[in-house]
Amino acid sequence: MTSQKRSVRLSGLPNSTYIFIIVFVAASIIVPLFFTPGNISTLLTQACALMLLSTAMSVCLMMGGIDLSLGGVVSMTGVIMAMLLRGGAAPSLAILAGLLSGMVVGFLNGVVVTRMKVPSFIATFGMGGIAQSIANTLSEKRTVSWAAPTETNLLTLLGDNALTVQFGDSAAYTLSISVLLVLTIFIIAVVLLLFYRTTLGSNTYALGANEETARLAGISPNRWKTGIYVGAGFLAAIAGMVLMIRTNSLQPMIGENLEFQAVVAAVLGGNSLKGGKGSIPGAILGALTLFTVRNAMSLSGVNTSVVMVVIGCTLIVGMVINEVVQYYAAEKSKARAGIHAL
Amino acid sequence: MEEILSFDKISKSFPGVRALDDVSFGLMRGEVHAIVGENGAGKSTLMKILSGAYTADTGRMIFEGREIVNNSPKLSRDLGIQMIYQELNLVPELSIASNIFLGQELKQGLFVNKGEQVKRCREALQELGLNISPNTLVKNLSIGAQQLVEIGKALSVNAKILVFDEPTSSLTDSEIQELFRIIRMLKARGVGMFYISHRLDELFEIGDRVTVLRDGKHIMTDRIENVTINGIIEAIAGRKIENLYPRNRGEVGAPMLEINHLSGEAFQDVSLVVREGEIVGMAGLIGAGRSEVAKAAFGIDKYKAGEVKIGGKTVSRHNPQKTKKAGMSLIPENRKLEGLALSLSIRENTVIANLQALNPTSMINRKREEDTVKEYVDKLNIATSSIEKRTMFLSGGTQQKVVLAKWLLGKSQVFIFDEPTRGIDVGAKNSIYELMDELANRGAAILMISSELPEILGMSDRIYVMSGGQVVGEFNASDTTQHQILELAFSNA
């Protein structure tokens, strides 16, 4: 009985867990400097933006949509915030403006998809292009930087480390947890809380599985979908802020292709492009898998063209593992459900 | 008894059809009110108006003495009107508890009170006699169990009116008895129930009154004691159906399908034979392994031991392509999942399995396709405005006919029908029976899996009974009774 219970839990893990563990352990063994406090904390901070975007993407996919504007929104909100800072605006106002603009794009996505019935793939792809163009036009395609603040303000606070622990002399043995990482984890925790403890989660699954079912259950599809796109725009704007503060300047093309990486992370995490299934933790682990491979490769100085090969192989192996695990889980639960149903 | 709801001159039109035409009748408290009619007679439309999914063009609905204005799915549910739909409306990735409370979650402030939901859900499931954890994901349940969950969904809130739309079409006889027990319990509590079913014998067991709709018009409403089954059939069809189960078959010939000692995951040592010109019924409970045997014989599922012979030849390294080539067709139980590509048209669905045969030169000959499909649409009386209509817009009975057309086109000689008439009306049933009979008459061998005993007894020449994954009995249809079959079906379960 106990062994059965344990195996249920094992198959209940997000899909990308297995490939993440494999990749992480392999990197720790093969690459000498990988499993050090310094590198792990760098890796996590680097992955912040993609973790946020994968969270947004997986919710969009689960409800049967997709948000391809995320990358463009990252660029646009980043440029808006950076340019306001350069103009001397208060950091809190600049950030607020960035977040609002991200939510406006999300709202427009929602309106175009639900009211005008444009397929989300096209609507959000187009919106992403518009957002990226706004970023390019405003910044004239040049990196935006701003004067370093003379005293402590919100910006320096966010760019600081929350916790620094020295395990040794070199940088590799310094664990530094950045405020950005703490903020990202906090925001993801809030999303998870909303998703799994409020009606957001079940409504998202219902919309993705069958919109008619959701409608008959009294859920308003248009309102929820629009709300989710607004939330996705908000998360993309946070990602833009994280990238801006981390690099201390903003390169207007920074968001390019991030949306596709988010799709890859989400699908690796068990989300389906057809909607109705998937998990947020899976998408986040998917994002971490991508960053682990990339980080380990760059630490060992592998040629960039080889990096793509390894990432490609990782994705394929990851998806095969998902299929295998799912097959056995389905067989088992079928057998169990069968006994009970009779 | 007092009236809880009345329909007053309800009319509703869709482009090209008058779905409901001036329909008026009422529902009493504690009454089981059966509504019958052919597919497209307007039953589902009327119920959708009641649930707020559709709005009536004209007419009023009076609920507890007050008119329902601006009806919506939410309003009707708040009033205590609950639907149990024919097409399952469950979200596969959510647990039973989350499904039951979908759209009406128990909340503590912003958060869903999952503990309370699970508790209430467990009580509802126990009332239904289902020993399943409320946390089980719906995707892991059988169709029969899913249907019961739908009913649990309605039970968990205090419903005043329940609408059952074909509740028994996917249940076995024992599950149906369980459902009837629950219906009687609800009746005693004063719940008014609309009961839509194509199984007319059920109405006499559970119904208090019956209303017949035909072509959107109200034909009759009467107490069940005052009507006969033939009277209802005639009212539904608007014509006389001479013989529901036709039998014009000739002599039985050589064995066409032989299954010898077949064993798989869900069945052991199954042997059976179907001969030329013969219809063989396969009875049993849901989960007895009947569909699994059929799937293994067709080469969809793997089997561990045994052999399958088609037309006297053993099929080795089995797959559906090979069995099809050998002349066997499987008409699956789950039309939506296995039988049809819903987003494709009638024409595309019909020819999809036979592209090679229809287009020997490997170039698509659209004209020939259209002619062939039209021929079958006529032959099967498929009610449609165009063969280019997408199958998702067709009613259940019509969909089943399209599945049939698809397989008949293949000119197979061995057919396995898995629940061929599930959820379709008397008229359509009759035409499917006639078709099966004609096939057998032309020498086809037919294996028919069915959970409807009257159908098994009416159509079969011989009957196998399966229970617990084994064949537990074989009868000649002419000298057996429902009782004998049921007894065996339960023997091993």
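## Helix H6 of chain A

Helix H6 of chain A (residues 120-139; helices, H or I of at least four residues, and strands, E of at least two, are DSSP runs numbered from the N terminus) has 20 residues, which at 1.5 Å a residue should span 28 Å, and its end C-alpha atoms are 28 Å apart, in agreement. The expected span is 1.5 Å times one less than the number of residues. This is a predicted model, in which local features need pLDDT of at least 70 and side-chain atom pairs count only at pLDDT 80 or more, while totals for chains, interfaces and linings use all residues. Residues are numbered from 1 along each chain as its sequence is written, and chains are lettered from A and ligands numbered from 1 in the order in which they are written.

The buried residues of H6(A) (20 or more other C-beta atoms within 10 Å of their own, C-beta atoms being placed from the backbone) include Ser120(A), Met127(A), Ile134(A) and Ser139(A). Helices H4 (70-86), H5 (91-114) and H12 (258-268) of chain A are among the elements that cover the buried residues. After H6(A) comes Glu140(A), with a positive phi near 50°.

## Domains of chain B

Chain B comprises domain 1 (3-237) and domain 2 (255-491), with bounds from an automatic or database domain assignment. Their centres, taken over C-alpha atoms, are separated by 30 Å. Each domain contributes 19 residues to the contact, defined by C-beta atoms, placed from the backbone, within 7 Å. On the domain 1 side, helices H6 (173-188), H7 (200-206) and H8 (229-237) of chain B each supply at least two residues; H8(B) provides the largest share, three residues.

Note on methods
Buried ≥ 20, exposed ≤ 12 C-beta atoms within 10 Å, placed from the backbone. Contact = placed C-beta atoms within 7 Å.
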